[in-house]
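Student: Could we go through this one together? I'd like to ask questions and hear the reasoning behind each answer.

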Amino acid sequence: MLMFLLWVALFLDVLDSFILPNTISKSVSSSSSTTRLFLGSNNVTLTIPKFSPSVEEYKDQDKDQEGYSSVLHKIHVRTLLSKEEAKKCLEMATTFAESTGSWNDPDWERHASYATCDFAVEDCEILESYLKDIGFDDRLWQHLSYLYDVDVNDLSYLDLFVAHYQAKSNDEEHDSSIMDRLEAHRDGTLLSFSLLLNDPNDFTGGGTFYDALRDVDQQQVSENSDERILHPGGIIRPKAEGQAVLHCGKILHGADVVTSGKRTVLVGFVDVDNRCIREGALAEACTNFGRMDVAKKRYKRQLSKGNKGWTLSNSRWLQGKAHVTGLVPAFSSAIRRAESEYQRLQKLKSEDRLLRRILLPRDERRESFFEIFDGDITVL
Ligand SMILES: *[C@@H]1O[C@H](CO)[C@@H](O)[C@H](O)[C@H]1NC(C)=O
């Protein structure tokens with residue numbers, strides 16, 4: 001069986017005395033939000049298993065291989081809203097969505113390839129100003145900055161929206177105006193989060209699944225099913241409203257199907273300033289992901305034609321003169337490349353490599369605007 005089962009580490013932080021780490025408390029403003037910044041005592045952190053070849057295999061080629069595990073291999077569950085706050089947000093969101101019909105209208109324009117029944121927070125004034133009043137952004141930035149080793153100044157929203165999932169009845173199976181899941185995908189941004197607004201008892205199923213956690217042995221993660229936050233299939237389900245799953249958006253993930261009830265989440269795509277990003281790392285990963293997709297498609301096409309190989313034809317070049325057609329038998333290596341489990345592992349390897357490389361170590365980051373001007377924009 002796969003070795004990487006052993007690589008998952010889970011730390012269930014027990015209710016602890018409320019101490020803020022120095023690095024964090026320093027940058028917290030003196031406003032009343034200080035004591036609410038880290039609401040959570042139910043911190044959970046999961047680490048994506050190691051998929052890339054061992055350091056030995058790569059030794060001469062690539063020194064970056066040593067980067068496991070990077071901060072981006074970590075998926076965190078953190079409480080970002082109290083239950084009361086989450087409930088208020090849910091009420092505001094529901095009222096707004098019902099008055100505008102947002103939740104019965106997959107939003108093709110905003111999310112070209114992944115329709116979600118959602119609305120942007122900036123379109124719902126009452127929710128936007130509530131989040132502002134409670135200092136939500138500050139809380140989020142503090143957590144992300146601390147967890148992913150990125151300066152607060154380097155973080156910004158690309159999108160913040162409320163998404164709504166709902167179980168489908170049998171005759172709604174093909175109704176595309178209802179969303180009950182989200183297929184596996186990668187986000188445009190380096191960081192993302194999904195914050196549960198509902199009481200978890202309002203629905204069954206749901207949660208965020210990660211391909212890389214799919215084969216993780218449940219027993220290892222938690223003996224006690226009451227504490228279970230990772231479910232079979234690599235699904236993370238927060239245990240209370242107000243809890244968010246924070247992760248690198250480049251990790252292949254999706255939303256598990258909601259089998260009963262309704263699930264509403266606040267979703268954010270968070271950009272990290274380019275100065276922190278290693279050039280070419282993403283392009284390389286995309287090439288590898290794409291290569292696998294093409295191999296799969298070609299093989300599928302062959303199978304559907306009933307062939308076990310590539311069709312050979314030179315008629316296009318020889319234009320009828322001496323053209324031959326024939327069948328090149330598929331090489332076993334080509335078949336292997338097309339097999340879905342093989343493909344999946346190749347992609348997970350590329351993903352692993354990407355997570356190790358994409359974020360530059362602090363001392364390699366380019367100078368930031370704030371460093372150049374020492375925060376004094378009047379010199380401009
Ligand atoms: C939970 O994690 C945050 C960082 O995301 C940290 O500041 C806080 O101290 C942790 N809480 C506990 C109880 O360990």
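What follows is a run of questions and answers on this predicted model.

Student: Let's start with the basics. How many helices and strands does the chain have?

Tutor: Keep in mind that we're looking at a predicted model. Both kinds of element turn up in this chain, and the count is 11 helices and 16 strands.

Student: What share of the residues counts as buried?

Tutor: Start from the outside: the accessible surface of the chain comes to about 20,200 Å², with 50% of that belonging to carbon and sulfur atoms. Now go residue by residue through the 380 in the chain, and the buried share is 48%.

Student: And among contacts with a separation of 6 or more, what share joins residues 24 or more positions apart?

Tutor: One example of parts far apart along the chain is D118 and V265: they're 147 residues apart, and their C-alpha atoms are separated by 9.4 Å. That's a C-alpha distance for one pair, so to speak of contacts we go to the chain-wide figure. Of the contacts with a separation of 6 or more, the share from residues 24 or more positions apart is 79%.

Student: Since you brought up D118, is it buried or exposed?

Tutor: D118 lies in strand β4, residues 118–120. Its relative accessibility is 3%, and the cut-off for buried is under 20%, so D118 counts as buried.

Student: There are cysteines here. How many disulfides does the count come to?

Tutor: Take C124, which is buried with a relative accessible area of 0%. The closest cysteine sulfur to its own is in C89, 9.5 Å away, which is too far for a bond because the cut-off is 2.5 Å. C286, for its part, is partly exposed at 42% relative accessibility. By the distance rule, the number of disulfides is zero.

Student: On to the strands. Which strand does β5 join through 11 bridges?

Tutor: β5 covers residues 155–166, and its partner covers 258–272. L155 shows the register, standing opposite V272. The two strands run antiparallel, and the partner is β14.

Student: How many bridges link β7 to β14?

Tutor: β7 takes in residues 191–196 and pairs with β14 in the antiparallel sense. L191 stands opposite V270, while S194 has V267 as its bridge partner. The number of bridges between β7 and β14 is six.

Student: Which residue of β14 is the bridge partner of G205?

Tutor: Here we need strand β8, residues 203–205, which is joined to β14 by three bridges and runs antiparallel to it. In β14, the bridge partner of G205 is V258.

Student: Back to β7. How many of its residues are buried?

Tutor: Look at both faces: L191, F193 and L195 point one way, S192, S194 and L196 point the other way, and all are buried. β7 also pairs with strand β12 (residues 243–248) over five antiparallel bridges, with S192 standing opposite H247. The strand is mostly covered, and the buried count is six of six.

Student: Which strands are the edges of the five-stranded open sheet?

Tutor: The order in that sheet is β6-β13-β9-β11-β10, with antiparallel pairing. At one end, two bridges join β6 to β13 (residues 253–255), and H185 has H253 as its bridge partner there. An edge strand pairs on one side only, and the two that do so are β6 (182–185) and β10 (230–231).

Student: What about aromatic pairs: is the W141 and Y157 pair stacked, edge-to-face or tilted?

Tutor: The count comes to four aromatic pairs. In this one, the ring centres are 4.8 Å apart and the planes stand at 50 degrees, so the pair is tilted.

Student: Which elements does that pair tie together?

Tutor: W141 is buried at 11% relative accessible area, whereas Y157 is partly exposed at 26%. The parts they link are 16 residues apart in sequence, because W141 and Y157 lie in helix α5 (residues 136–148) and strand β5.

Student: Last one. Over the face of which residue does R186 lie?

Tutor: We want an aromatic ring with the R186 charge over its face. R186 sits at 3.6 Å from the ring centre, and the ring belongs to F289.

Methods. Residues are numbered from 1 along each chain as its sequence is written. This is a predicted model: local features need pLDDT of at least 70, side-chain atom pairs count only at pLDDT 80 or more; totals for chains, interfaces and linings use all residues. Side-chain values use heavy atoms; hydrogens and water are left out. Helices (H or I, at least four residues) and strands (E, at least two) are DSSP runs, numbered from the N terminus. Buried means under 20% relative accessible area, exposed over 50%, partly exposed in between (1.4 Å probe, protein chains only). Contact means heavy atoms within 4.5 Å. Accessible areas come from the Shrake-Rupley method with a 1.4 Å probe; for residues, only the protein chains shown count as cover. Two strands pair if DSSP finds at least two bridges between them. Rings of Phe, Tyr and Trp (its six-membered ring) pair if their centres lie within 6.5 Å; planes under 30 degrees apart count as stacked, over 60 as edge-to-face and the rest as tilted. A charge sits over a ring if NZ of Lys or CZ of Arg is within 6 Å of the ring centre and within 35 degrees of the ring normal.
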